[in-house]
Amino acid sequence: MLPQGQPDRYHPALVTLHWLLALMLGVALVAGGVLLENTPNTDPDKIFMLRAHMSIGVLILLLMLVRLVVRTRTARPSHAVTGNALLDRLSVVTHWSLYAVAIAMAASGIALSLAAGLGPIVFGGSGDPLPADFWEYTPRYAHAVFAYLLMALIALHVAAFAWHQWVKRDGLFGRIWFGRRNSAKHMSRNKVA
Ligand code: HEM
C-alpha cells in the first residue's frame, strides 16, 4: 500500500537507482557496442572485457529488479502531464518499455552466455578458447535488437526530459533529484503542469 499524500519527488533510493542505472546502462551499451563488438574473440583481452561486461550486465538486472520492488513500495509523484492525452500515454508506455527492454537486454545476454558456455571460460579460468563467433547463437541477435531498442527508448526519454525542462519549464528534473519531499497537499512549487 502507498503511504498517504503524493510527494513531489521520488524516494531517494529510487533517485539513486535511477542515476546509477543510467550510468551503468550507458557504460554497458557503449562498451558492448564499441569495444566488445569490434574486438575479435581471438584477442587475449576479450575475456577480460567480457568479464567486465557480463558482471555489469548481471548487476544491472539485479538493480532493475530492486528498483521495481522499491517503486511499488514507495510513494511517488503523479505522472507528469503535457496537456496532450496521447503524449501522456506515450510517456507511461515509454517508462514501462524502458524497464522491460533493459531487463530483456540482460536476460538475452545471460541466454547468450549460457548458449556459448561462457561461464567457465570467462569466470572459471577453464583455459578453453572463446567460440569463434557469437553470431552462431540465436540470443546474440536478440541481444543486438534489444540494444537498438534500448538506445531508441533512452533517446526518447532524454528528448522528453529536455522538452519538459527547457520548453515547458515545469521543473521535471527536480522530481528525480535529491531534496525535501513535500506532500502534494502542501505543495506550492515544483508542480508539474
Ligand atoms: C542491460 C545490460 C546489458 C547491456 C546494455 C548490454 C549491451 C551490449 C551491447 C550493446 C552489445 C553489442 C551488441 C551489438 O551491437 O550487436 C553486447 C554484446 C554482448 N553482451 Fe551484452 N549487454 C548487457 C548485458 C549482458 C549480460 C548480462 C551478458 C552475459 C551475462 C552479456 C553478454 C554479452 C556478450 C557475450 C556480447 C557479445 C560480444 C561480441 O559480440 O563480441 N551482456 N552487449
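This is a short talk about the fold, the cores and one surface patch of a single protein chain.

Hi everyone, and thanks for coming. One thing to keep in mind from the start: what you see here is a predicted model.

Let's begin with the overall picture. What does the secondary structure of the chain come to? It comes to five helices and zero strands. If you walk along from the N terminus, the elements read α-α-α-α-α. The C-alpha trace spans about 65 × 30 × 25 Å along its principal axes. The chain has 193 residues, and 36% of them count as buried.

Now, how do distant parts of the sequence come into play? Take the contacts with a separation of 6 or more: 80% of them are between residues 24 or more positions apart.

Let's go inside. The largest nonpolar core is made of 22 residues, and Leu21, Ile60, Met64 and Leu150 have the most contacts inside it. Which elements give two or more residues to this core? They are helix H1 (12-36), helix H2 (46-73), helix H3 (85-115) and helix H5 (138-168). H1 supplies the largest share, with eight residues.

If you'd like one residue to click on, try Ile60. Setting aside the neighbours within four places in sequence, Ile60 is in contact with Leu21, Met24, Leu25 and Ala28. You may remember Leu21, too: like Ile60, Leu21 is among the residues with the most contacts inside the largest core.

There is also a second core, separate from the one we just looked at. This second core has 11 residues, including Leu36, Leu50, Met54 and Ile121.

Let's move to the outside. The chain has an accessible surface of about 11,600 Å², and carbon and sulfur atoms account for 68% of that. On the surface we find a nonpolar patch of about 440 Å², made by Val58, Leu59, Leu62, Ile110 and Leu114. Two elements, H2 and H3, each give two or more residues to the patch. The largest share, three residues, comes from H2.

Let's pick one patch member, Leu62, which sits in helix H2. Is Leu62 buried, exposed or partly exposed? Leu62 has a relative accessible area of 47%, so this residue counts as partly exposed. The cut-offs help here: buried means under 20%, and exposed means over 50%.

So, to look back: helix H2 gives residues to the largest core, and H2 also gives residues to the nonpolar patch. Have a look at H2 in the structure above, and thanks for listening!

Definitions and conventions:
Residues are numbered from 1 along each chain as its sequence is written. This is a predicted model: local features need pLDDT of at least 70, side-chain atom pairs count only at pLDDT 80 or more; totals for chains, interfaces and linings use all residues. Side-chain values use heavy atoms; hydrogens and water are left out. A nonpolar core is a set of buried Ala, Val, Leu, Ile, Met, Phe, Trp, Tyr and Cys residues joined through side-chain atoms within 4.5 Å. Buried means under 20% relative accessible area, exposed over 50%, partly exposed in between (1.4 Å probe, protein chains only). Helices (H or I, at least four residues) and strands (E, at least two) are DSSP runs, numbered from the N terminus. Contact means heavy atoms within 4.5 Å. Patches are made of residues with over 30% relative accessible area and no salt bridge: like charges are joined within 9 Å, nonpolar side chains (Val, Leu, Ile, Met, Phe, Trp, Tyr) within 5 Å. Accessible areas come from the Shrake-Rupley method with a 1.4 Å probe; for residues, only the protein chains shown count as cover. A salt bridge is a side-chain nitrogen of Lys or Arg within 4 Å of a carboxyl oxygen of Asp or Glu.
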